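Student: I am new to this structure and would like a close look at a single part of it. Could you take me through one residue and its surroundings, step by step?

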Amino acid sequence: TFEEGTAQLVFPAAVLATTGKVGGDLTILGMIYAENCCQAASSNQYKYIDAYDVKSTDFNASYDILFSNGLKNYKYVKDKARASGDWTFYLMGAVMNAYTTAILVDLYDKIPYTEALQGTGNLSPKFDDGFTIYKSLLDTIQFALKQDFTATTNSVPATPGFTSSDLVFGGDLPSWKLFANTLKLKLYLRMVNAQPALAHDSITAMINRGTQFLTANAAVTNFANIPSQVTPFYQQTIRGLNTTDNVRAS
């Protein structure tokens, strides 16, 4: 049953949910909006995005999957890890939860957050504003970074199955800490228009503390050119639609 799961088993499933939707639907949206690519002239799959005519319901599948397979599972990972004192998995769950939540906030602004993921305990959770959610994500990341990663309850590379369950960094805790710092920086940078003073002071404080950031990609890369194991972008735009003539360089 779900209650018999472990953080180690559930975490990679959650990461793949984030990877599948961020690397598929939302990558296409971002690439076209950033004018890195456009709809090929002989196709019309993404013409509504190319025309900046996106409706609130166009990404329902991404919204559903990121909540039900992503955020729900990250919450499970954090709860299980915190209960057992495994701060390694708590940090990993907190960082991926913040990354995934921020993607949804950036797309929708208001999403269920403080009352979300309670199952039948609350079937109509309130929608929180983006800034409130961002502040909570930052607090959670900071809480995770302050924990004792030397405790014997933590997962380490020698823990059976730990390295293979970390699809992003292969069990490298220092990289997760750098990812956490980098994600904090990204969240502050996203605030520069709405909260310029807070963004400026927070970023300045990070720099003055000598905060270190990622110099390598945080990415899932173990794909193969066989069905069900290719990158989400390739699966969606080429294999899924059975055409190579879909999107082109803008």
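**Lys55 and its surroundings**

Tutor: Lys55 has a relative accessible area of 44%, so this residue counts as partly exposed. Please keep in mind throughout that the model is a predicted one.

As for its place in the chain, Lys55 belongs to the loop that runs between helix 3 (47-50) and helix 4 (60-84). From that loop, the side chain of Lys55 makes a polar contact with the side chain of Asp53, at 2.7 Å. The pair also forms a salt bridge, in which the closest N and O atoms are 2.7 Å apart. The bridge is assigned because a side-chain nitrogen of Lys or Arg lies within 4 Å of a carboxyl oxygen of Asp or Glu. In general terms, side chains of opposite charge can pair when their charged atoms come close. The partner, Asp53, has a relative accessibility of 38% and is therefore partly exposed.

The loop between helix 3 and helix 4 also holds Tyr52, whose phi is near 55°, a positive value in a residue other than glycine. That deserves a remark, because most residues other than glycine have a negative phi. With a relative accessibility of 48%, Tyr52 is again partly exposed. Another residue with a positive phi is Glu35, where the angle is near 60°; Glu35 sits in the loop between helix 2 (25-33) and strand 1 (37-39). Glu35, at a relative accessible area of 51%, counts as exposed, since exposed means over 50%.

To set the bridge of Lys55 in context, a search of the whole structure finds six salt bridges, and two others may serve for comparison. One of them joins the side chains of Arg190 and Asp106, with 3.5 Å from N to O. This pair links distant parts of the chain, for Arg190 is in the loop between helix 8 (173-189) and helix 9 (196-208), while Asp106 is in helix 5 (residues 87-108), and the two are 84 residues apart. Asp106 itself is partly exposed, having a relative accessible area of 32%.

The other bridge is formed by Arg248 with Asp245, whose closest N and O atoms are 3.0 Å apart. Here Arg248 is partly exposed at 40% relative accessibility, and Asp245 is partly exposed at 25%.

To return to the starting point, Lys55 is a partly exposed residue in the loop between helix 3 and helix 4, and its side chain is in a salt bridge with Asp53.

Conventions
Residues are numbered from 1 along each chain as its sequence is written. This is a predicted model: local features need pLDDT of at least 70, side-chain atom pairs count only at pLDDT 80 or more; totals for chains, interfaces and linings use all residues. Side-chain values use heavy atoms; hydrogens and water are left out. Buried means under 20% relative accessible area, exposed over 50%, partly exposed in between (1.4 Å probe, protein chains only). Helices (H or I, at least four residues) and strands (E, at least two) are DSSP runs, numbered from the N terminus. A polar contact is a pair of N or O atoms within 3.5 Å; within protein, one must be able to donate a hydrogen and the other to accept it, and residues adjacent in sequence count only if both atoms are side-chain atoms.
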